[in-house]
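Here are my notes on this one, as numbered points. Have the structure open while you read, since I go straight to the ligand and then move to the strands.

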Amino acid sequence: MESVQNIKQRFEIIGNDPKLNRAIEKAIQVAPTDISVLVTGESGVGKENIPRIIHSLSHRKHGKYIAVNCGAIPEGTIDSELFGHEKGAFTGATSTREGYFEVANGGTIFLDEVGELPLTTQVRLLRILENGEFLKVGSSQVQKTDVRIVAATNVNLFNAIEKGKFREDLYYRLSTVDIALPPLRDREEDIHLLFRKFAADFAHKYKMPPLKLDENAVQLLQKYRWSGNIRQLRNVAEQISVLETNRDISAATLQLYLPPTEGSNLPSVIKSNKSESDFSTERDILYKVLFDMKSDLNDLKKLTLELMKSGAAKAQDINPNLIQKIYGSKEEDSEIEFEEQPVTAVMTPSHNENYREAEDNYLFAETIEEEEVLRLEQKEIEMIKKSLEKNKGKRKAAADELGISERTLYRKIKQFDL
Ligand SMILES: Nc1ncnc2c1ncn2[C@@H]1O[C@H](COP(=O)(O)OP(=O)(O)OP(=O)(O)O)[C@@H](O)[C@H]1O
């Protein structure tokens, strides 16, 4: 049997936490069987590694491995995606199509966010788990498949069962073995290890010297809540790697990249009555938004300084590129008037001499009022649209770029009707 250490090397899994090791050990143990496995853990803890390990150590390793994010597929098409459809089954079904369960015959299917499956799809899945039988959409001919199912969830499925959103019998079929991955905040010793690994990767990728955290920064890193777990840590490492020219990182610098969490002494950014899990994923986006604003603010500071130094009447005379960067494309014959141009969602500097006060307001803002929240939302929509365009509509690539899960992106697309 392969050792946990070997597996960690093979799958580039960083960390020595006993709970992580136990999870990998369990994956190794169950791999040769066909037992269905339910992987649990918060978003971003690395659940996707487990089905990969299981597949690669199983007798199915030469068969197909298909990962499906159940939360990212619209309800109307999920049955057809999973089980296939017959020609003419619905408008647009111009030919017969194989579903993932047919394609993966002899292999493994990873059903991520399984709690998001509609109830009708859950019935079909239960049937596959019981005897391998399924029907294509629009067909009455029973087909058979031989697929190992590994599922994952970051929500408590018992709550979903209580609310009637998840079938209890399916839960028990899926979770013959339960593999739980710990949140990053409970893996204090691993946090710095992971950060160093990501910082080294990004130093290589962006051809920059590696970052070095001082002692206080390491402590801050280890005490932070990391509600987005490893995904969030990786994002932070990437942002610092790209943006900080001084590669020695102090706690004060690091703090600028950590969105405030409950119970922290950082300013609270936004008030929300949503549930914590919604908040944490939205926070990923808000974090990026605030980051853009910080960079706008730096540009503004530069501009203001230049203005103060030269006493010039027209900002355009000083640095047209900077002006364009801050205000977007210049309108014909327009002059920059500081009193009227809204600049960022947080601050509108009214006079050059007030810039320090504006900066203080920004840094110590206790809350962002409703109007500003709306502007943040607008910025969020813009970012999502841009990323989708840039990635030619590929949601996975866009979600990766935005540092959010595909499911969250899918929800945002629905929420904002994009
Ligand atoms: N132990 C680890 N070492 C290094 N990188 C890791 C580790 N675990 C996870 N990652 C990285 O963290 C990111 C998030 O992992 P993954 O997508 O598996 O999380 P998840 O738990 O499936 O999240 P979600 O529930 O949102 O789908 C990925 O980029 C993954 O490569």
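1. Start with the polar contacts to the ligand, keeping in mind that this is a predicted model. A polar backbone atom of Ile-14 sits 2.9 Å from a nitrogen atom of the ligand. On the oxygen side, a backbone N or O atom of Gly-46 is 3.1 Å from a ligand oxygen, and Glu-48 likewise places a backbone N or O atom 3.1 Å from an oxygen atom of the ligand. As for cover, the ligand has 640 Å² of accessible area on its own, and the protein covers 84% of that.

2. Next, who else is around? The shell counts 19 residues, and those that come nearest are Ile-14, Ser-43, Gly-44, Lys-47 and Arg-231. So Ile-14 turns up here as well as among the backbone contacts. By class, you get 6 nonpolar, 6 polar and 7 charged residues around the ligand.

3. Where does the ligand sit relative to the domains? It lies between domain 1 (4-182) and domain 2 (185-258), because both give residues to its shell. If you want to look by element, helix H9 (188-205) and helix H11 (229-243) each supply at least two residues of that shell.

4. Have a look at helix H3 too, which spans residues 49-56. Of its 8 residues, 6 are buried, so the helix is largely enclosed by the rest of the structure. The buried ones are Ile-50, Pro-51, Ile-53, Ile-54, His-55 and Ser-56. Note that His-55 and Ser-56 are on that list alongside the isoleucines and the proline.

5. Now strand S6, residues 148-153: how many of its 6 residues are buried? The count is 6 of 6, so to speak a clean sweep. In a regular strand, side chains alternate between the two faces of the sheet. In S6, Arg-148, Val-150 and Ala-152 point one way, while Ile-149, Ala-151 and Thr-153 point the other way, and every one of them is buried. Arg-148 and Thr-153 are part of that buried set, on opposite sides.

6. Finally, the neighbours of S6. Strand S1 (residues 37-40) pairs with S6 in the parallel sense over 4 bridges, with Val-37 standing opposite Val-150. Strand S3 (residues 108-112) also pairs with S6 in the parallel sense, again over 4 bridges; there, Leu-111 has Ala-151 as its bridge partner. Val-150 and Ala-151 are handy places to start when you trace these pairings, as Val-150 faces Val-37 of S1 and Ala-151 partners Leu-111 of S3.

Key:
Residues are numbered from 1 along each chain as its sequence is written. This is a predicted model: local features need pLDDT of at least 70, side-chain atom pairs count only at pLDDT 80 or more; totals for chains, interfaces and linings use all residues. Side-chain values use heavy atoms; hydrogens and water are left out. A residue is near a molecule or strand if one of its heavy atoms lies within 4 Å of it. A polar contact is a pair of N or O atoms within 3.5 Å; within protein, one must be able to donate a hydrogen and the other to accept it, and residues adjacent in sequence count only if both atoms are side-chain atoms. Accessible areas come from the Shrake-Rupley method with a 1.4 Å probe; for residues, only the protein chains shown count as cover. Ala, Val, Leu, Ile, Met, Phe, Trp, Tyr, Cys and Pro count as nonpolar, Asp, Glu, Lys and Arg as charged, and the others, Gly among them, as polar. Domain bounds come from an automatic or database domain assignment. Buried means under 20% relative accessible area, exposed over 50%, partly exposed in between (1.4 Å probe, protein chains only). Two strands pair if DSSP finds at least two bridges between them.
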